[in-house]
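Subject: Handing over the model

Hi,

Here is the structure I promised to pass on to you. Have a look at it first, and then read on for my notes.

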Amino acid sequence: MNPPPLSRASLLSLSLISLLVVAPHFAHLDLRITLAFMAALLLRLATLYRPQLRFGRWLLLAVTLSGAALIFTVYPLLIGLQAKVALLSLMLGLKLMECRQRRDLYVVVFLGYFTLITHFLFEQGMLLVVYVWVLVIGLSGLLIEASRSHSLSGWPLRSLWYATRMTLQALPVMLLLFFLFPRISGPLWNLGVDNSTGQTGLTDNISLGSISKLIRSRAVAFRVDFDREMPPTQLRYWRGPVLWQTDGRRWTRAQLGRTGPVTYRSDAPPIRYQVTLEPSSNDWLYALDLPETLPSEATLLPDFQIVAKDIRNRRHRYTATSRLRYHTGPLDDWQRRLGLQLPDSVTPRMQALATTWRRETDSDRQLVERALQYFRREPFYYTLNPPQLESNPVDQFLFESRRGFCEHYATSFTLLMRLAGIPARVVTGYQGGERNPLGNYLIVRQSDAHAWSEVWLEQNGWTRIDPTAAVAPERIERTFEFDLAENAGLGIPLVFSHGGSDLLGRLTKQFRLGVDAANASWHRWILGYSKEQQQRLMQWLGFGSLSAFKLALTMVLSIAALIPALMLLLHLRGRVRPDPVQGDYLRFCRRLARKGLERQPHEGPRDFARRVIRQRPDLQRSVSAIVQLYIALRYGAAPDPQQRQRLHRLVRNFRA
């Protein structure tokens, strides 16, 4: 006997949930794979209403072979995470297309479970966890309904409720596994499954326009928790790549000859903080200018850039200490040569401008100030959309367009300093950041990307000079929100605002900060739950430092003790409790039983009362009153609360 086919409602629900299961992967898959999956899904829906459109066995085989050919066309070697997820998603779509019986539904549901797991290889956000949990309940509800011997009316709600209860019952075991399972060194999800999934931020080179493109992104670059009060905005320079070499258009890093410990002098108090760096394809860390103590996996280069091992394409949390005032000491010959390197694109008017400054000033410090005055007094403008610069961008920017972003000012200023004989270099990183009062931490976004210059002065060593502050000081002095779409492409000066002053703007900002605070806590305590945090938790609970074997043993014993306790709790919760009227009558019967008048299982209330009165005539009045009132409340119309209380008093005062 052939099993009955699945109902249309079951297939519709299965198709919808399958679409929701695969949908987040559309952002990672090739468009052809997405279209193939959608075609299989639409064909499945069409056959529900037009059965004549169903594919036969040989046609299904041809479609399957076509799907395999598509996979190997898009991903020839099946290498990489996207290739494997594409294969799994297309398999789910093809199996859904031929789904007709209960056995096919089981296969699709378990493929759906497996596909849901793969989402965490790309992202581990809190909202994704909620999304996956809802879909797990949906798939489990389908599985429960398919396991019934017959369908029930209103099955979706009932089966979904059962599935929700099952997941909630598994929650205590899940928490024990999460907190007690022995951890590797590092956070839970830092497994490095695929190097192509990292996000892009600053690169190790800049050209005119590169940072102004990055600043349009509101994505988070990193978050910072300070041990004490945050420094003011104008001192929050987050140091990244240091650029030395240029061909006139592009600046890049250089190989520095000196190795060994890097030190500097400072009388400023140290500032300690923890940075949670979002995934990127870079191998450097960010720290306040200048870093002093670093995490164990990091190295401080001679130009005070921090590089680290094994941090690419994963979220990384580290602790650092910085000092905001410093003297870097003498300049070696290698850095002097790099700091004075000039491109072939230097023009006579660029050289004449630097020569004039040198002639009009008595020291390097005065020359630097003379250059900053030049940017303040001349009609320079700060804009995200500067005009296109062709053959010699620095010369055109200084003497013609005079409209640019921070990389325009930093690179042109650095080049002018070198022309004047002052060693100089470009530093890129981030400046400022937004304080989130809900978590008292700093959010540094890609829109805070910045470039500035460093010049070497005899009195201070390497000294930070930010020519952008000379043109647009509001960019440095505080964090501003501005409309990136306003005046786009027009090349006019950028207009800053203090954020939304209306109620809707303030509420939107508060909501955004609240979501970010929740995400920050999620990343810090859940995704960042590492071996070190696990050991601290065990010590806080009084277990001391536990080895991996002891942790595993504790986990097994805890689960072994928890499961019977949960089963007993569920059993007790499932017991039917008598109503108050029945409870009072049973208490009345127990009092009589202690005097040798035990009610027999076959005796009703009246028969039991007659037998009690025959044996104890002295109890006739009280027994008759209790039994008659009990029968009226138990088997009559809706019970009167006052009569219920009267029965309770009679039973309480009854003495045999």
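Let me start with one helix and its surroundings. The buried residues of α20 pack against two other helices, α19 (580-593) and α21 (620-635). Helix α20 itself covers residues 605-615, and its buried members are P605, F608, A609, R611, V612 and I613. Please keep in mind throughout that this is a predicted model.

Now the overall picture. The protein chain has 656 residues, and 46% of them are buried. There are 22 helices and 19 strands in the chain. Its accessible surface is about 34,600 Å², with 58% of that belonging to carbon and sulfur atoms. If you take the contacts between residues at least 6 apart in sequence, 72% of them join residues at least 24 apart.

Next, the nonpolar cores. The largest one has 76 residues, and the members that touch the most others are F222, W238, Y273 and M417. Which helix gives the most to this core? That is α13 (residues 406-419), with eight residues. Another core lies apart from it and has 27 residues, including V22, F37, L96 and A146.

Two strands caught my eye for how covered they are.

The first is β2 (residues 220-226). Seven of its seven residues are buried, so the strand is largely enclosed by the rest of the structure. It has an antiparallel pairing with β17 (residues 441-445) through four bridges, and there V224 has L442 as its bridge partner. β2 also pairs with β6, again in the antiparallel sense, over five bridges. In that pairing F222 is opposite L277, and F222 is also one of the residues with the most contacts to other members of the largest core.

The second is β15 (residues 424-431), where eight of eight residues are buried. Strand β3 (residues 237-243) runs antiparallel to β15 and is joined to it by five bridges; V242 stands opposite V427 there. β15 is also paired with β18 (residues 449-457), antiparallel as well, through seven bridges. One of the partner pairs between them is A424 with V455 in β18.

There is also an open sheet of three strands, in the order β7-β11-β10, with antiparallel pairing. The edge strands are β7 (284-285) and β10 (298-300); each has a single partner strand, so one side of each is left without a neighbour in the sheet. Between β10 and β11 (residues 306-308) there are three bridges, in the antiparallel sense, and L300 is partnered by I306 in β11.

Two loop residues may be worth a click in your viewer.

A254 sits in the loop between β5 (250-252) and β6 (271-277). Is A254 buried or exposed? With a relative accessible area of 17%, A254 is buried, because the cut-off for that label is under 20%. Beyond its neighbours within four places in sequence, A254 is in contact with W244, Q245 and L338. W244 is 10 residues away along the chain, and the C-alpha atoms of A254 and W244 are separated by 5.9 Å.

T361 is found in the loop between α10 (348-360) and α11 (364-377). At 12% relative accessibility, T361 counts as buried too. A polar atom of the T361 side chain lies 2.7 Å from the backbone oxygen of W357. Setting aside neighbours within four places in sequence, the contacts of T361 are with Q366, L367 and R370.

Finally, the cysteines, in case you are preparing the model for a calculation. How many disulfides does the structure hold? The count is zero. As for individual cysteines, C99 is buried, at a relative accessible area of 0%, and C589 is buried as well, at 8%. C589 falls within the range of α19 (580-593), one of the helices that the buried residues of α20 pack against.

That is what I have for now. Do write back if anything is unclear.

Best wishes

Definitions and conventions: Residues are numbered from 1 along each chain as its sequence is written. This is a predicted model: local features need pLDDT of at least 70, side-chain atom pairs count only at pLDDT 80 or more; totals for chains, interfaces and linings use all residues. Side-chain values use heavy atoms; hydrogens and water are left out. A disulfide is a pair of cysteine sulfur atoms within 2.5 Å. Buried means under 20% relative accessible area, exposed over 50%, partly exposed in between (1.4 Å probe, protein chains only). Two strands pair if DSSP finds at least two bridges between them. A nonpolar core is a set of buried Ala, Val, Leu, Ile, Met, Phe, Trp, Tyr and Cys residues joined through side-chain atoms within 4.5 Å. Contact means heavy atoms within 4.5 Å. Accessible areas come from the Shrake-Rupley method with a 1.4 Å probe; for residues, only the protein chains shown count as cover. A polar contact is a pair of N or O atoms within 3.5 Å; within protein, one must be able to donate a hydrogen and the other to accept it, and residues adjacent in sequence count only if both atoms are side-chain atoms.
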